[in-house]
Amino acid sequence: MQNYYQPEIECMPQADMKALQSRRLKNQVWHVWDNVSYYKEKMVKAGVTPDDIKSIDDLHKLPFVTKDDLREAYPYGLLGVSLRDAVRIQSTSGTTGRRVVAFYTQHDIDLWEDCCARAIAATGSTKDDVVQVAYGYGLFTGGPGMNGGSHKLGSLTLPMSSGFTERQLQFMCDLEATVLCCTPSYAEFLAESIEESGLTDKIKLKAGIFGAEAWSNEMRLRIEEKLGIKAYDIYGLTEITGPGVSFECCEQTGMHINEDHFVAEIIDPETEEVLHEGSKGEIVFTCITKQAFPLLRYRTRDICVLSSDACSCGRTLKKMSRLMGRSDDMLIIKGVNVFPSQIETVLIEYGLSSNYQLVIDRHNHSDTLEVCVELTPEMFSDTVRAIERRERELHEKIKNILGIAAKVTMVAPKTITRSEGKAIRVVDKRKI
Ligand code: DLL
């Protein structure tokens with residue numbers, strides 16, 4: 001039996017959905033035109049006015065919003081309501097320069113939680129379930145989003161946040177959690193800890209909702225086997241709302257997009273040309289209902305494929321495939337969005353050259369980051385103690401900027417292999 005949270009939307013005929021999207025898009029473009037002068041200027045420059053947008057077929061006429069726009073307009077330049085009406089921010093981790101701050105009205109939080117409730121319901125879960133939310137709470141959207149979704153569905157919610165594994169296992173056993181929400185790497189770590197603690201027989205989990213970082217189908221099968229559950233993918237990003245932009249159903253062949261709120265397009269990241277359904281490209285989202293942070297045509301940099309094929313779960317919402325990569329150099333390390341240039345800036349400000357390499361690996365289901373950097377010839381003549389002090393100082397600086405710890409290794413000048421083409425700055429050894 002299929003389980004839905006809002007069947008009238010999730011199973012709406014595609015033609016009706018298109019009409020709903022068109023109505024909402026027209027209103028949203030006016031909302032942005034009237035309230036977000038930053039984007040209005042972009043529209044004026046592109047020679048488009050709200051009158052040119054009559055349906056979602058006109059979406060391509062609107063200019064894109066990129067991370068650079070977010071940076072330029074930081075912090076309030078893209079706010080679509082007065083401060084009086086905004087009630088919450090969420091943010092990505094990272095430096096002030098790269099940090100994304102997204103705003104929500106109460107209405108925005110409400111619709112976000114509906115999206116997360118749809119994702120939880122799609123696993124077959126109901127009011128009778130106990131949902132353990134082990135995504136981080138706070139600025140990160142994972143915890144608050146899934147928490148709200150679980151409340152909406154009426155499930156008993158365990159707001160655990162991430163980490164404190166022993167406590168996670170105790171609550172999971174004692175309160176008989178049936179649904180686990182966390183990153184796939186943490187799910188794998190929890191699965192191993194359960195095995196090691198001999199608690200396998202005490203676990204009542206039946207489903208897991210895992211996202212926020214890349215994971216493979218092999219990893220899914222490993223988690224499913226170890227935890228004895230069905231593992232569902234969930235996608236989202238802070239700029240658009242957080243988790244629940246799209247979610248998997250029992251078919252596990254891609255994630256249904258909550259199209260009544262987010263209109264998806266696939267573009268060629270180089271030419272920005274809109275591609276036909278079925279083509280692989282960068283997914284772009286337009287928020288058609290959000291008030292406080294109403295991004296239109298936001299370039300996510302995430303690469304995937306869209307499909308409107310019928311799904312055996314009965315949902316008519318289009319699906320996006322599992323993510324196939326990114327069109328920029330963003331890495332997700334320990335759940336934190338990291339751009340190599342952030343680390344490069346720290347190194348250069350410290351007086352080092354840009355001969356460095358980031359080595360990312362995964363031990364015990366947790367990511368590790370090593371920053372190997374060449375000493376300058378002057379620093380090379382320092383004592384070992386002075387070099388170790390420098391490594392500690394850099395470790396601190398990187399931790400302050402990224403929020404995660406990195407092992408810093410300083411090596412002799414000219415020892416990092418030079419490439420004849422593009423420098424190889426990132427060596428990602430993670431097998432996911
Ligand atoms: O990661 C929101 C989220 C929380 C999604 C919990 C799912 C579950 P950000 O921190 O803004 O938001 O990072 C967004 O993470 O652009 C993708 O590159 C990546 N990402 C998110 N979900 C997935 C997924 C949250 N299921 C960025 N598979 C996005 C692969 C994902 N990558």
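1. Thr289 counts as buried in this predicted model, because its relative accessibility is 14%, below the 20% limit that the term requires. The residue is placed in the loop that runs between strand E11 (280-287) and strand E12 (298-307). Its side chain is in polar contact with the side chain of His261, at 2.8 Å. Setting aside residues up to four places away in sequence, Thr289 touches Arg24, Gln28, His107, Asp108, Leu111, Asp260 and His261, so a reader who wants to inspect the surroundings of this buried threonine may begin with those side chains.

2. Met17, in helix H2 (residues 14-35), counts as buried because its relative accessibility is 3%. Apart from its neighbours within four places in sequence, Met17 is in contact with Ile9, Met12, Glu259, Asp260 and Leu317. Asp260 is thus listed among the contacts of Met17 and also among those of Thr289. For Met17 and Ile234, the separation is 217 residues in sequence and 22 Å in space, taken from C-alpha to C-alpha.

3. Gln132 is a polar side chain to check with care, since its relative accessibility of 0% makes it buried. The residue belongs to strand E3 (residues 130-133), and its side chain makes a polar contact of 2.9 Å with the side chain of Gln168. Beyond its neighbours within four places in sequence, Gln132 is in contact with Leu158, Met160, Gln168, Phe171, Met172, Ala177, Val179, Leu180 and Cys181, so Gln168 appears in that list as well as in the polar contact.

4. Some backbone details should be looked at in the model. The peptide bond that leads from Tyr74 to Pro75 is cis, with an omega near -5 degrees, and Pro75 itself is found in the loop between helix H4 (67-73) and strand E1 (88-91). Glu272, which is not a glycine, nevertheless has a positive phi of about 65 degrees, and Arg301, likewise a residue other than glycine, has a positive phi near 75 degrees. Glu272 lies in the loop between strand E10 (262-267) and E11, whereas Arg301 is in strand E12. Glu272 counts as partly exposed at 35% relative accessibility, and Arg301 also counts as partly exposed, at 26%.

5. Glu272 returns in the salt bridges, where its side chain meets that of Arg299 at 2.8 Å, N to O. This pair links distant parts of the chain, with Arg299 in strand E12 and Glu272 in the loop between E10 and E11, 27 residues apart. Arg299 is buried, with a relative accessible area of 5%, while Glu272 is partly exposed at 35%.

6. The salt-bridge count comes to 25, and some further examples may help in reading it. Glu248 forms a salt bridge with Arg220, with the closest N and O atoms 2.8 Å apart. Glu248 lies in strand E8 (residues 242-248) and Arg220 in helix H9 (residues 217-227), so this pair ties together parts that are 28 residues apart in sequence. Glu248 is buried, at a relative accessible area of 3%, and Arg220 also counts as buried, at 4% relative accessibility. The side chains of Asp58 and Lys61 meet in a salt bridge at 3.2 Å, N to O; here Asp58 counts as buried at 13% relative accessibility, but Lys61 is partly exposed, with a relative accessible area of 38%.

7. The protein chain is divided into domain 1 (7-328) and domain 2 (333-428), and the C-alpha centres of the two domains lie 32 Å apart. In contact across the boundary are 13 residues of domain 1 and 11 residues of domain 2. The two domains bury about 1,200 Å² between them, 49% of it on carbon and sulfur atoms. The interface has 0 salt bridges, and 2 residue pairs are found in polar contact across it, both at pLDDT 80 or more. Helix H8 (residues 184-196) supplies the largest share of the side of domain 1 that touches domain 2, namely 4 residues. By class, that side of domain 1 has 2 nonpolar, 5 polar and 6 charged residues, although the count of salt bridges between the domains is 0.

Key
Residues are numbered from 1 along each chain as its sequence is written. This is a predicted model: local features need pLDDT of at least 70, side-chain atom pairs count only at pLDDT 80 or more; totals for chains, interfaces and linings use all residues. Side-chain values use heavy atoms; hydrogens and water are left out. Helices (H or I, at least four residues) and strands (E, at least two) are DSSP runs, numbered from the N terminus. Buried means under 20% relative accessible area, exposed over 50%, partly exposed in between (1.4 Å probe, protein chains only). A polar contact is a pair of N or O atoms within 3.5 Å; within protein, one must be able to donate a hydrogen and the other to accept it, and residues adjacent in sequence count only if both atoms are side-chain atoms. Contact means heavy atoms within 4.5 Å. Domain bounds come from an automatic or database domain assignment. Buried area is the accessible area (1.4 Å probe) that two parts lose on being put together, summed over both. A salt bridge is a side-chain nitrogen of Lys or Arg within 4 Å of a carboxyl oxygen of Asp or Glu. Ala, Val, Leu, Ile, Met, Phe, Trp, Tyr, Cys and Pro count as nonpolar, Asp, Glu, Lys and Arg as charged, and the others, Gly among them, as polar.
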